Each structure stands twice: as structure tokens, then as C-alpha cells.
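This report examines selected local features of a protein chain. The sequence and the structure are shown first.

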Amino acid sequence: MSGKQIAIIGGGPAGLMAAEMLSMSGHAVTVYDGMPTFGRKFLLAGKSGLNITHSEDYLRFNTRFGAASDRLRAALDAFTPADVRAWASGLGTETFTGTSGRVFPTVMKASPLLRGWLRRLEAQGVTLVTRHRWTGFADDRPTFETPYGPKTILSDATLLALGGASWPRLGADGSWMPLLRDKGVEIADLQPANCGFDVDWSDVFKHRFAGAPLKSVTTMSDAGAFPGEFVISRHGIEGSLVYAHSAELRDRLARQGKATLLVDLAPGRSLDRLEKDLARQDGKISLSNRLRKGAGLEGVKAALVRELGSQIALNDPAHLANLIKALPIPVTRPRPIAEAISSAGGIRFDALDERYMLKVLPGVFAAGEMLDWEAPTGGYLLTACFATGRAAAAGISEWLLNPASSSVSV
């Protein structure tokens, strides 16, 4: 098996992880990326601390990938969150668990980890090539547009790890979709995930409160109830507490044309207490004073109640208490995929065999965010990219030993 030439297209977490595993097995690995440097989205994520994985119970962790959870389980079992931390430590990056359960590098940035990783890959003989944009296949050979013109390469196996379509300026723009669809690969349309949503705010509200954080609240939908904070934007709502509901809200909008995020503005007070406290207020005083004295709400919270509440609800203590405990924010559409943290959709798992090889393209494998799965923020995305990169690398090694073996669906 020594001397096999393997092309990995895409220099993000999935592609680099596959390169690490395959080069350790003695293969000649070249990683091609269309951008001037590797891991650009990885570095951007690291600017806010880099959620490298999550410390929650592993059985719960395994359920965080929606409809793809069962399909990803074998890959995740082979590279668990504990394995991610041990791997990072081996590259000189120690980690710690934050109060939210998210796991961060102690240096709170991605660049030292990426530099150590690239040094390891080069020491293992991996060739790293930038400014090579994949343009498809010519007679089953990968083709690229390069600064020196078109280029076709030879490879014994090819791994596609081109990402989804979020943050396209960093390299992952989904341009691979028509290239693979033309080859008969089944692909679900890419959609925004972990995204904000548009809300039809009044001009007065958005001009006054755009950028304001809504702190110490609980948001609710069929995805569950989550405490924390989010941000009012001029378009609508943004932030991790919104992203936790993004798949549910996005899919409900697609099915029904409307969706609502419920917000408990006073999670520390019971409905009964709120109603009694509000009922004690003089009905002649302003709504702002009633909210401040009876519910402890002011600023953006009070403004939200005024923005979204009906006149009947605002003037009746029982209705007002219910509004405060479950304020409905009607969302109209997800923000564009270019603004999203990640994307949903991609190569359907039915288009892959158990080795992560494309059934219609023998010798071509896929991993990472270009596959049809999604997960919340908090380390789940990176862990699954690492894990599928490793799983695809194992599949490539297996196929190189027996390339005549048939594709097996899962």
C-alpha cells in the first residue's frame, strides 16, 4: 500500500484530520485548498475562544446531530470529545471546560493549535498546496484552477472536504454542489444553520434597540427551553440562544410559512407571582412604570413587551403576566446562509457507503460539513468534522487494500 497518492481537497478540520491519519499510514498525501492559507474558518471560530468540543455526557452528546445522529455515531465513537482533548494536548494545546460545558483551549484562540497541526503534517510528509480551486474531474482525475492555469492531477484516492456554504469569503461557498450533481451524487440543498432570523420590527424599536443584548432570559420552541441571552439586531434576532432554535424555526418556516420563538423575560419569577405583582400596580400609571415596579422589566425588555403585546394584553395583569412569561417573537425568515455559523444539507448519507465513499464515484470520498448533517454551536460542529475526517481516512485505507470491493450502504 506504500506509495499510494492521495489527494485531499479542502484544508479545513476534516481534510487536515484525514491527512494526519493517512500520512501516518505511509501514504503520499497532498492537501489542496483554494485559499491562500489553511483553516481560515477554523481561525475565525477561534477569535471567540474556539469551542473545540463539549464536556456533556457522551450519550447526550451523540444526540446533538439531529436526523444524522445514528449515521455519525460510529465516527464519533471512534473519536470522542475526550479523544479530541487528548489530540489537542498532543499538539501542545491544553484545554479547559467552561461553565457552559464547552471545551476551550487555555490560550482561548485557534492559531497555536493550527500552527502546531500544520507543523506535524509537514513533518509526516504531507504536501500542503494553496490557491488550487477544485473545478471537478477530467477522466476521473481531479482538476483545479491555479494561479498558473488549469491543472489535472493523478491520485489513487480523493477525499472531498470542501465545507458547506457559510462564511463563503473564507473559502466554503458550496460551488462543489453542481459539480457533484452532474456526476449523479444526491445532495440536499444547503440551508443556513446556527443562524439569526429576520423580525419585522417597527422603525422606532429597531432604531432605538438594534444591538441591544437581551440578558437573563429563557427561549422556548419545540427544540427545548434554553437560558441565556441574545441580541436584538436591525434585521431581527441573533446570538447563540437563537441558534439553539434555528433548525426548528427554519424548518417550521419552510413547512408552515410562519414560526415563533417564545421568550420568558422573567425566568426568576413564577406566573402567579407576576400576575399578583402586576395587579397591585395602579392602573393609572404608565406601562413603563407598571413593568418596572411589577415585573422588574425596563429597557429593551420593557420595549419588547410594548412592541409585541396587544393593547388588551398590555392593560390586563393576567394577560400581561402571560405575555412576559411567553413573549412570542414572530420570525419571518432565516438570515442568509453567508451570515450563518454553519450550514445544513449537503451530500446525502444514502449517496455514501459505510466507508464515506461516494457510490457513483469509486475512489472518491467525502467528509466534514459538506455532508448532510447539522449540529448546534458549542464544539459539536468541530468534533464531527474531526471525526468524519478520520472515518473517511479509515475508509480510504480500507478501499486501497481492496478497491474491487462493492459499495455498502448504511
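The sections below cover the cysteines, one helix, one loop residue and one pocket.

The model is predicted, and local features are reported for residues with a pLDDT of at least 70.

**Cysteines**

Across the whole structure, a search finds zero disulfides. Cysteine 195 takes part in no disulfide, and the nearest cysteine sulfur, that of cysteine 385, lies 17 Å away. Likewise, cysteine 385 is in no disulfide, its nearest cysteine sulfur being that of cysteine 195 at 17 Å. A disulfide requires the two sulfur atoms to be within 2.5 Å. The table gives the accessibility of each cysteine and, in addition, that of glutamate 56, which is discussed further on.

| Residue | Relative accessible area | State |
|---|---|---|
| Cysteine 195 | 1% | buried |
| Cysteine 385 | 9% | buried |
| Glutamate 56 | 17% | buried |

**Helix 12 and its surroundings**

Which residues of helix 12 are buried? In this helix, which spans residues 287-295, they are Leu287, Arg290, Leu291, Gly294 and Ala295. Because these residues cover an arc of only 95° around the axis, they lie on the same side of helix 12. The buried residues of helix 12 pack against four helices: helix 11 (271-279), helix 13 (299-308), helix 14 (311-315) and helix 15 (317-325). Just after helix 12 comes glycine 296, which adopts a positive phi of about 70°.

**Glutamate 56**

Glutamate 56 sits in the loop that runs between strand 3 (53-54) and helix 3 (58-61). With a relative accessibility of 17%, glutamate 56 counts as buried, because the limit for that class is under 20%. Which side chain forms a polar contact of 2.8 Å with that of glutamate 56? The partner is tyrosine 380. When residues up to four places away in sequence are not counted, glutamate 56 touches Phe61, Arg64 and Tyr380. Tyrosine 380 is thus both a polar partner of glutamate 56 and one of the residues that glutamate 56 touches.

**The second largest pocket**

The second largest pocket has a volume of about 300 Å³. Its lining consists of 21 residues, of which Ala74, Ala75, Glu354, Tyr356 and Ala391 are the closest to the centre. The elements that give two or more residues to this lining are helix 1 (13-24), helix 4 (69-78) and helix 16 (380-401). Which helix gives the most to the lining of the second largest pocket? Helix 16 does, with eight residues.

Notes. Residues numbered from 1 in each chain as written. Predicted model: local features only at pLDDT ≥ 70, side-chain atom pairs only at ≥ 80, totals over all residues. Heavy atoms only, no water. Buried < 20%, exposed > 50% of the residue type's maximum accessible area, 1.4 Å probe, protein only. Arc of directions from axis to C-beta. Contact = heavy atoms within 4.5 Å. Polar contact = N/O pair within 3.5 Å; in protein donor to acceptor, adjacent residues only side chain to side chain. 1 Å grid on protein atoms, 1.4 Å probe; cavity = no way out; pocket = protein on both sides within 12 Å on 5 of 7 lines; lining within 4 Å. Points joined across faces, edges and corners; volume = space filled by probe spheres on them.
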